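Ready for some practice in reading a protein structure? Take a look at the sequence and the model below, then work through the exercises at your own pace.

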Amino acid sequence: MKYFVLGATYIIRLDAGEKVLESLRSLCEQDEIGAGVFHGLGAVGEAELGWFDAGAKDYQTLRIEEPCEIVSLHGNVSRLDGKPFLHCHVALADRTFGVRGGHLREAVVSATCEVVLTRYFEEFPRRKDGPTGLYLLDLKQDGD
Amino acid sequence: MKYFVLGATYIIRLDAGEKVLESLRSLCEQDEIGAGVFHGLGAVGEAELGWFDAGAKDYQTLRIEEPCEIVSLHGNVSRLDGKPFLHCHVALADRTFGVRGGHLREAVVSATCEVVLTRYFEEFPRRKDGPTGLYLLDLKQDGD
Amino acid sequence: MKYFVLGATYIIRLDAGEKVLESLRSLCEQDEIGAGVFHGLGAVGEAELGWFDAGAKDYQTLRIEEPCEIVSLHGNVSRLDGKPFLHCHVALADRTFGVRGGHLREAVVSATCEVVLTRYFEEFPRRKDGPTGLYLLDLKQDGD
């Protein structure tokens, strides 16, 4: 991971073999980033995607083990139990240019991955929600 | 809808049963947001997508009525006839992880939807365009 | 191309027949933009996508010659050999609402294309990388 910091914005380059979320999470831990948004593009060689099954209150998963372009990668940074929590969704295109996507569990960079992360000097807290089983953003009602 | 305001940025959480565009539009009306951009991720249980048919000058539509991950959701806020106008495109993944996408007409949240909206303290005007039949951003030529 | 400048942000409208990347590149040249990020949505009538083949160190390409919604378009601006370099990935939906995507080589607008570009008053340099054959962001290690 190489990066350049410009005010509240990180320009990040991940190289072959690096894990996308693990790398971003370690950067957030290091710089105590508790709130932010990020976007990325590039290419990965492995990925695990999730599709949320509301009945089971859990994710179905798909493992991809072939080179794919990161068509879109978009996520946010919040904080759960004092640690950075990354929520990220992704669209991946294989050599047929067909696109599969979903919740990103993890992906391993093949060629390069360029991420722009903008931090906020705040914390977005998350908390486990009983009815859905998900860790939801713990925001107050209507901005109050 | 719950949200948190951080300067010009709204961190928004929509819950099960809430309509994505209707909710965002009501927030824009309430806070008089006439220009902005937004990105989101999450999951929906219903959606209506559009594909613009230039010959017919109208959208072909697809109704989706199954749980889908919001792979990407990206839009802008402008103003048409004094009211907030949201232009938004979306990619949705069903349980096969296959992705369908297009112009978002409306979608209903299933589990959660997290949107980050950045407002500009300006107005981006829109106006109906004769040749295309679309409501286009009414910008001047070449930034003049 | 019409646009409106709001601080460091360009709100851009491209019209039928205009090339997406060529137009953005010419704007970057004109205003000496050497670093930035952009997002877009709209519709195109032609596009050429790339999928990076690491073995061949080159892109496989797909030409699309039918009207498609731009489901997502995300890229960054950097500088290579003194000129603006745009790296952009895209997801496109055809009339079946199926999505194809990848590295965007170029696309021609059909109806309209709305791009929001945020510039940074810096330069993100790029340099050809031997092992991958790609032009990578030339960032220092670990932000030092």
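The exercises below deal with a predicted model, and each comes with a worked solution.

**Exercise 1. Classify the ring pair of Tyr120(A) and Phe124(A), and decide whether each residue is buried or exposed.**

Step 1. A pair of aromatic rings is described by the distance of the centres and the angle of the planes. A search of the whole structure finds 15 aromatic pairs over all chains.

Step 2. For Tyr120(A) and Phe124(A), the ring centres are 5.7 Å apart, and the planes make an angle of 40 degrees. Rings pair if their centres lie within 6.5 Å, and planes under 30 degrees apart are stacked while those over 60 are edge-to-face. An angle of 40 degrees fits neither of these, so the pair is tilted.

Step 3. Now the accessibility. Buried means under 20% relative accessible area. Tyr120(A) has 13%, so Tyr120(A) is buried. Phe124(A) has 2%, so Phe124(A) is buried too.

**Exercise 2. Follow Phe124(A) to its partner Phe4(B) and classify that pair.**

Step 1. The centres of the two rings are 6.2 Å apart and their planes stand at 75 degrees, so this pair is edge-to-face.

Step 2. Where are the two partners? Phe124(A) sits in the loop between β7 (99-119) and β8 (126-128) of chain A, and Phe4(B) belongs to strand β1 (residues 2-6) of chain B, so the pair crosses between chains.

Step 3. Phe4(B) has a relative accessible area of 28%, and is partly exposed.

Step 4. Look at chains A and C as well: Phe4(A), Tyr120(C) and Phe124(C) form one aromatic cluster.

**Exercise 3. Describe the interface of chain A and chain C.**

Step 1. Begin with the residues: chain A brings 29 and chain C brings 37 to the contact.

Step 2. The size of an interface is often given as the accessible area lost when the parts come together. Between chain A and chain C, about 2,800 Å² is buried, and carbon and sulfur atoms give 67% of this.

Step 3. Next, the polar links. There is one salt bridge between these chains: Arg126(C) with Glu114(A), whose closest N and O atoms are 2.9 Å apart. In addition, 11 residue pairs are in polar contact across the interface.

Step 4. On the side of chain A that touches chain C, there are 16 nonpolar, seven polar and six charged residues.

**Exercise 4. Find the surroundings of Arg126(A).**

Step 1. Arg126(A) lies in strand β8 of chain A. Its relative accessibility is 6%, so Arg126(A) counts as buried.

Step 2. The side chains of Arg126(A) and Asn76(A) are joined by a polar contact of 3.0 Å.

Step 3. Residues that Arg126(A) touches include Phe85(A), His87(A), Tyr135(A) and Glu114(B).

**Exercise 5. Describe the side of chain B that touches chain C.**

Step 1. Here 37 residues of chain B are in contact with 29 residues of chain C. The area buried between them is about 2,800 Å².

Step 2. Which residues of chain B lose the most area to chain C? They are Trp51(B), His89(B) and Leu139(B), together 26% of what that side buries.

Step 3. The rule finds one salt bridge across this interface: Arg126(B) with Glu114(C), the closest N and O atoms being 2.9 Å apart. There are also 10 residue pairs in polar contact.

Step 4. The largest share of this side of chain B comes from β3(B), with six residues. By class, the side divides into 16 nonpolar, 16 polar and five charged residues.

Note on methods: Residues are numbered from 1 along each chain as its sequence is written. Chains are lettered from A and ligands numbered from 1 in the order in which they are written. This is a predicted model: local features need pLDDT of at least 70, side-chain atom pairs count only at pLDDT 80 or more; totals for chains, interfaces and linings use all residues. Side-chain values use heavy atoms; hydrogens and water are left out. Rings of Phe, Tyr and Trp (its six-membered ring) pair if their centres lie within 6.5 Å; planes under 30 degrees apart count as stacked, over 60 as edge-to-face and the rest as tilted. Buried means under 20% relative accessible area, exposed over 50%, partly exposed in between (1.4 Å probe, protein chains only). Helices (H or I, at least four residues) and strands (E, at least two) are DSSP runs, numbered from the N terminus. Contact means heavy atoms within 4.5 Å. Buried area is the accessible area (1.4 Å probe) that two parts lose on being put together, summed over both. A salt bridge is a side-chain nitrogen of Lys or Arg within 4 Å of a carboxyl oxygen of Asp or Glu. A polar contact is a pair of N or O atoms within 3.5 Å; within protein, one must be able to donate a hydrogen and the other to accept it, and residues adjacent in sequence count only if both atoms are side-chain atoms. Ala, Val, Leu, Ile, Met, Phe, Trp, Tyr, Cys and Pro count as nonpolar, Asp, Glu, Lys and Arg as charged, and the others, Gly among them, as polar. Lists of a residue's contacts leave out its neighbours within four places in sequence.
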